[in-house]
Amino acid sequence: NLVADKAGIKQPKTAPFVLFWSLAKVGDVLKRIDIDFPMTSFRLKNMTTNNVLPCSLVSEVNKFEQISLDEGVVATLKWLKENK
C-alpha cells in the first residue's frame, strides 16, 4: 500500500485466499502436462511464507546511514523509473 501511495497509483486489490489456492491447483495440473501457468502451489507457498530473518548482525556492521521506510520506498521508485 505504501508503494502504491508513493507511486501515485491505485491501491492493490484484494481477493480471497481460496481463489489463489484454486488457481495454484489448476497450475499444478497444467504443469504436469507441460503447460506454463503463472500460479502453482509452490509459488503460492513462496508468496505466503513469512520469512523474517534476524537483522542484528547486519545492523552491527552496517556502514550505511539508516533511512526511513518512506525514504527507501521513494528512492526505490526513483531508481526503478530511471532504470526502465
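1. A word on terms before we start: contact here means heavy atoms within 4.5 Å. With that cut-off, and not counting residues up to four places away in sequence, Phe-20 touches Ala-15, Met-39 and Leu-44. Please keep in mind throughout that this is a predicted model.

2. How far can you trust the coordinates? The protein chain averages a pLDDT of 94, and 100% of the residues score at least 70. Confidence peaks in helix H2, with a mean of 98, and is lowest in helix H4 (residues 56–61), where the mean is 81. As a general reminder, predicted coordinates should not be read in detail where pLDDT is low.

3. Helix H2 is a good place to begin looking. The helix covers residues 17–32. Its 16 residues reach 23 Å from the first C-alpha to the last, close to the 22 Å expected at 1.5 Å a residue. When you look along a helix like this, remember that an α-helix has 3.6 residues a turn, so residues three or four places apart point the same way.

4. Back to Phe-20, which sits in helix H2. Is Phe-20 buried, exposed or partly exposed? Its relative accessibility is 32%, so Phe-20 counts as partly exposed. Along the chain, Phe-20 and Ala-7 are 13 residues apart, and their C-alpha atoms are separated by 26 Å.

5. Phe-20 also belongs to a nonpolar patch on the surface, together with Leu-19, Leu-23, Val-26 and Phe-37. The accessible area of the patch comes to about 370 Å². Val-26 is another patch member found in helix H2. Because its relative accessibility is 41%, Val-26 counts as partly exposed.

6. Just after H2, the backbone has a feature you may want to look at: Asp-34 takes a positive phi of about 60°. That is a positive value in a residue other than glycine. Asp-34 lies in the loop between H2 and H3. With a relative accessible area of 73%, Asp-34 is exposed.

7. Thr-40 is in the loop between H2 and helix H3 (41–48) as well. Which residues is Thr-40 in contact with, leaving aside its neighbours within four places in sequence? They are Ala-24, Gly-27, Asp-28 and Lys-31. Thr-40 is buried, with a relative accessible area of 14%. By contrast, Asp-34 in that loop is exposed.

8. Moving on to helix H3, you will find Lys-45 there. Lys-45 has a relative accessible area of 59%, so this residue is exposed. Lys-45 and Trp-21 are 24 residues apart in sequence, and in space their C-alpha atoms are 9.6 Å apart.

9. Now for the charged side chains. In general, side chains of opposite charge can pair when their charged atoms come close. How many salt bridges does the count come to? The count is 1 salt bridge. In it, the side chains of Asp-70 and Lys-6 meet at 3.9 Å, N to O. Asp-70 lies in helix H5 (residues 69–82) and Lys-6 in helix H1 (residues 2–7), so the pair ties together parts that are 64 residues apart in sequence. The cut-off matters when you read this distance, because a salt bridge is defined as a side-chain nitrogen of Lys or Arg within 4 Å of a carboxyl oxygen of Asp or Glu.

10. Neither partner of that salt bridge is buried. Asp-70 counts as partly exposed, at 38% relative accessibility. Lys-6 counts as partly exposed too, at 36%.

11. Last, a look at Glu-60, whose place is in helix H4. At 65% relative accessibility, Glu-60 counts as exposed. Glu-60 and Asp-70 are 10 residues apart in sequence, while their C-alpha atoms are 22 Å apart in space. Do read Glu-60 together with the confidence values, since helix H4 has the lowest mean, at 81.

Methods. Residues numbered from 1 in each chain as written. Predicted model: local features only at pLDDT ≥ 70, side-chain atom pairs only at ≥ 80, totals over all residues. Heavy atoms only, no water. Patch = residues over 30% accessible without salt bridge, like charges linked within 9 Å, V, L, I, M, F, W, Y side chains within 5 Å. Areas by Shrake-Rupley, 256 points an atom, 1.4 Å probe, with all protein chains shown as cover. Helix = DSSP H or I, 4+ residues; strand = E, 2+ residues; numbered from the N terminus. Buried < 20%, exposed > 50% of the residue type's maximum accessible area, 1.4 Å probe, protein only. Expected span 1.5 Å × (residues − 1). pLDDT = per-residue confidence, 0-100.
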